[in-house]
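User: Could you give me a close look at how the helices and strands pack against one another here? I'm new to this, so please explain the terms as you go.

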Amino acid sequence: MSQKYGSEDSVTRLVKRLFTSHYSRNNIDPPSSLPQREFAFSKFESTTMIRHMSFSNKEELNEYIKANVPQHVYYSSAYYRTPSAQSMDEKGWLGADLIFDIDVDHIPTKCKELHDHWKCLSCGASGWGYTLKCPSCGSEKLEWNKWVCDICINYAREEIIKLIDILENDLGYSRAEMFVTFSGHRGFHLHVEDESVRDLDQDARREISDYIRGVGLEVNLLLARAGKNYRYKYSITAPGWAGRIAKRIFLNADVEEDVNLEQLSKPLDWWVQNITSALNELTVKIDEKVTIDTKRLIRLPGSLHGKTGLKVFSLTPSEVENLDAETILRKAIVFSGEKVKVRLTPLPRKVLFFSFKGTETELIEVPMFLAIYMILNGQAELVTR
């Protein structure tokens, strides 16, 4: 007969024991300019975040993590004169890295029908997939069970690749100044660490964000009248968005190879449709709030994500381009593949790179690393015989 694995407290102790074992065997490399960074931690036993921590060297940082075993570990994108000061004014802001966050939770991927479950708190209706409100009653009061799969991560990966291209070719940032981190959950962070970005204020960072998201691009500025029709004013070799859009239209709109796009005469509606379609494909779905924040706390590479048990880790731009989503997810696994049984309701059809078929009991056998994700993220029950 199957039994639930103890109480919620005992499950928390199990997860913490696994985190403890991992951190005892692994050291984390600190971020650059370690003494100028603020650190923050969330513990398993409390919802309160421990902030205003600082460390002088790698040994101090790792000793703290091994001794306290946090559920989440963050560090500041900002550099401070006194990072351990209790008030932001006293810290003495010295600058901040430029951070971009791509979270697949905000992208309406098709795979959400396989693993994101909603329940309306107003009428009781429920279903699978991406929605902003209940399709039955229109209420926005929805309770969610959300999961991540390799398809999701590949969507986020494609967004990061677009972002790298824009930062490098439009904004002039070198790849040597960038690194990407897999967040351990729903996407990626891209960091630009360079003296040229440190002093940027929120307005300057908002301009960068707006450019990357294509905010303010007006179709009429790209077109010129050609009798009753219009033509595109720029060639595919033009810099910035003008050239990017031209290339995409050339590829998507079945334009003949020997036709010069600048000489192509089409009705305004044709141009609006094709330019809008190009922008939807080319703009990057970043979280603006993260980019404009000059005092952001961001997950520390090398730490474990407290809602998944997966490792946050760094990648070079080339690695992001060359590794597929499943490989990235596998690199984030730190716990064993020992098979255990869990019960999860409702049971998603796909999680990470595993597929499931719904059963009456919804009792499934999975590797330990997946069980930990299911326990932390979806209140799964670990079952023993």
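Analyst:
**Helix and sheet packing**

In this predicted model, helix 8 (residues 240-252) packs against helix 9 (residues 268-282) at an angle of about 110 degrees, their axes being 9 Å apart. Helices (H or I, at least four residues) and strands (E, at least two) are DSSP runs numbered from the N terminus, while axes are lines fitted to C-alpha atoms, for helices over the stretch in contact, with angles from 0 to 180 degrees between N-to-C directions. The two helices, helix 8 and helix 9, are therefore roughly perpendicular (65 to 115 degrees; under 35 is roughly parallel, over 145 roughly antiparallel, the rest oblique). Helix 8 brings residues including Trp241 and Ile245 to the contact, and helix 9 brings Trp270 and Trp271 among others; contact means heavy atoms within 4.5 Å.

Residues are numbered from 1 along each chain as its sequence is written, and side-chain values use heavy atoms, leaving out hydrogens and water. Local features need pLDDT of at least 70 and side-chain atom pairs 80 or more, whereas totals for chains, interfaces and linings use all residues.

Now for the sheet. It is open, with 4 antiparallel-paired strands in the order 7-12-11-16; strands pair if DSSP finds at least two bridges between them. Strand 7 (98-103) and strand 16 (313-315) are at the edges with a single partner each, so one side of each has no neighbour in the sheet. Antiparallel strands 7 and 12 (residues 187-192) are joined by 6 bridges, and Leu98 has Val192 of strand 12 as its bridge partner. Helix 5 (residues 150-169) packs on this sheet, touching strands 7, 11 and 12, and its direction makes about 20 degrees with that of strand 12.
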